[in-house]
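Visitor: Could you walk me through the ring contacts here, and show the reasoning behind each label?
Guide: Gladly! Let us look at it together.

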Amino acid sequence: MDSFIIAALAVCSLTAPAYGDKGTSKARSCSDIRQFYSGKGFALDGVPQSEISGEHLRICPQGYTCCTSDMEDNLASLSHREIEGLLKDVGRSLQTSLTGQYKAFDGSFLELLNRSTISLQETFPPTWGSVYSQNSQFFSDLYTDLRHYYRGSNVNLEEVLNEFWARLLEKLFYQANKQYVIGEEYLECVSKQIETLRPFGDTPRVMKMMVTRTFVAARSFVQGLVVSGEVVRKVSQVQLSTECTRATMRMTYCPHCRGMASARPCANYCSNVMKGCLANQADLNTEWRHLAETMMQAASRFNGPSGVESVVLTLPNRISEGMSNMMENIETINSKLFQACGNIREGGASSTGPDDTMKRVKVTMEDKLGTSSNKMDKLVSDVTARLRDMQPYWVSLPNILCSDRVATGTGAEDKCWNGMNRARYLPEVIGDGLASQINNPEVETDITKPDMTIRQQIMQLKIMTHRLKNALNGQDVDFQDASDDVSGSGSGMCADDMCPRGPRLVPITDRPKFQSPPVNKEVKGNHAKQNLPCITIYLLPLLILLLRR
């Protein structure tokens, strides 16, 4: 019997390592992970030549392994950097798209304003003669104010248009009555009669309605593109949590530590990891969709006969139409103005009454605009399609990040890495957003502590959507504080390292180096079960020996 005991102990010592990952009778070589680890830029000092016991591991399963604690920490940090880099790359792609849409729309809108300005400069001299030549700067100032408004300056659009017609009344009255001595006070009285006399007919009202609606919508639309890009930029810079780092390490590099370098994550496993990591980002979804939908509503106003192109390019015609209406009725208007403001004495210029140009009662503006290319229509259609495509962005991020890394093909569900071994992943895929993470089996998340940077960006989206809706209702808006560091200048968006920065929220302390989490009790328990047969063999001969005594 003593010989039996000795034999049993010998068998146990020989079979102890036999319950490792692959059931081999000797420790496996670590040559593969040494090559992989070196290829990632890490030194090989301290990297095992063959498998060691894994009780020291704090993230990966604690079976036999080729990874030391330092290797686990280094690979965890690498996984953290890689995931954050991917997020920034995806965000930068969306930023580029939004910037492209902004530049395309902004460039086209300013081009329309330039064409309208040139049309006025070319058609007014032969039509209105000295009225235009002596007041060309006055007409140019109108376009300057319109550009400033569109760019986000603190310009009251209705006041600009009202002031334009009031001053135009003064100038036309002065030109039509050169034979009189007309002082500033008298002209001021004349301008105050504009509402009573309506010398330009219905043109000022119609023009103000169309210009206000178009310019308010255009300005709010481009500002929405700017704010959207800023939200993407800021959210892409949000650092991932330590719990997320643990989860991505377990999913990405723990298979290498276990000698399963070819094992790729199970699809549902990757989804749960990424949904846990990006829970706060997913909470942007609702307000992001609202903003995109409202911007598409604004864009729908830019097409058709009353769209941007028509409104901007017909400005010279509308102005000339109003002037023509006044000159058709100049005698009646003069009579009413003399009655309201008092008679004036003669003694002005030698000419009597309006010149020949002023006597034209029907003005046909020469068409200098050319045939519309519908460029704006095509542009708006393209922008709308892109806005529609970007609506699910924040909840699609997990799928985007998992698309190139999960196991695929026949039988992949049974041979993929599930976080513990190469086997089927059993938990269900959880929902999107922070509140859903209470049931996430892969990433431990405190759902009572949302990320404040992301909460701020959700508020920015709400503010921008509210202002866009006001714009759609014809209400003028002020964008000076549309974002905490987005100016209302309409200067556009830029890449991460090229944007001038405003004040940024910074953590109170620097982010600590990745710290090992508490021991995974479940993993440790599994490791203990692997050695159970050997323990039984030890105890059996000892029990027999005691019974013999």
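Guide: Do keep in mind that this model is predicted. A good place to start is Lys171, whose charged end sits over the ring of Phe138, 5.3 Å from the ring centre.

Visitor: What makes the charged end of Lys171 count as sitting over the ring of Phe138?
Guide: NZ of Lys must be within 6 Å of the ring centre and within 35 degrees of the ring normal. The charged end of Lys171 is 5.3 Å from the centre and is found over the ring. Likewise, Arg219 lies over the face of Tyr149, at 4.1 Å from that ring centre.

Visitor: Which cluster does Phe138 belong to?
Guide: Ring pairs join Phe138 with Phe124, Tyr132, Phe139, Phe164, Trp165 and Phe200.

Visitor: How many aromatic pairs turn up in the whole structure?
Guide: The search finds 22. One of them is Phe173 with Phe338, edge-to-face, at 6.2 Å centre to centre and 70° between the planes. Phe173 is in helix H6 and Phe338 in helix H17, 165 residues apart.

Visitor: Why is Phe173 called buried?
Guide: Buried means under 20% relative accessible area. Phe173 has 0%, so Phe173 counts as buried. Phe338, at 18%, is therefore buried too.

Visitor: Why is the pair of Tyr180 and Phe338 called edge-to-face?
Guide: Centres must lie within 6.5 Å, and planes over 60 degrees apart count as edge-to-face. Here the centres are 5.8 Å apart and the planes are at 70°, so the label fits. This pair also links distant parts of the chain, 158 residues apart.

Conventions: Residues numbered from 1 in each chain as written. Predicted model: local features only at pLDDT ≥ 70, side-chain atom pairs only at ≥ 80, totals over all residues. Heavy atoms only, no water. Phe/Tyr/Trp six-rings, centres within 6.5 Å; stacked < 30°, edge-to-face > 60°. Helix = DSSP H or I, 4+ residues; strand = E, 2+ residues; numbered from the N terminus. Buried < 20%, exposed > 50% of the residue type's maximum accessible area, 1.4 Å probe, protein only.
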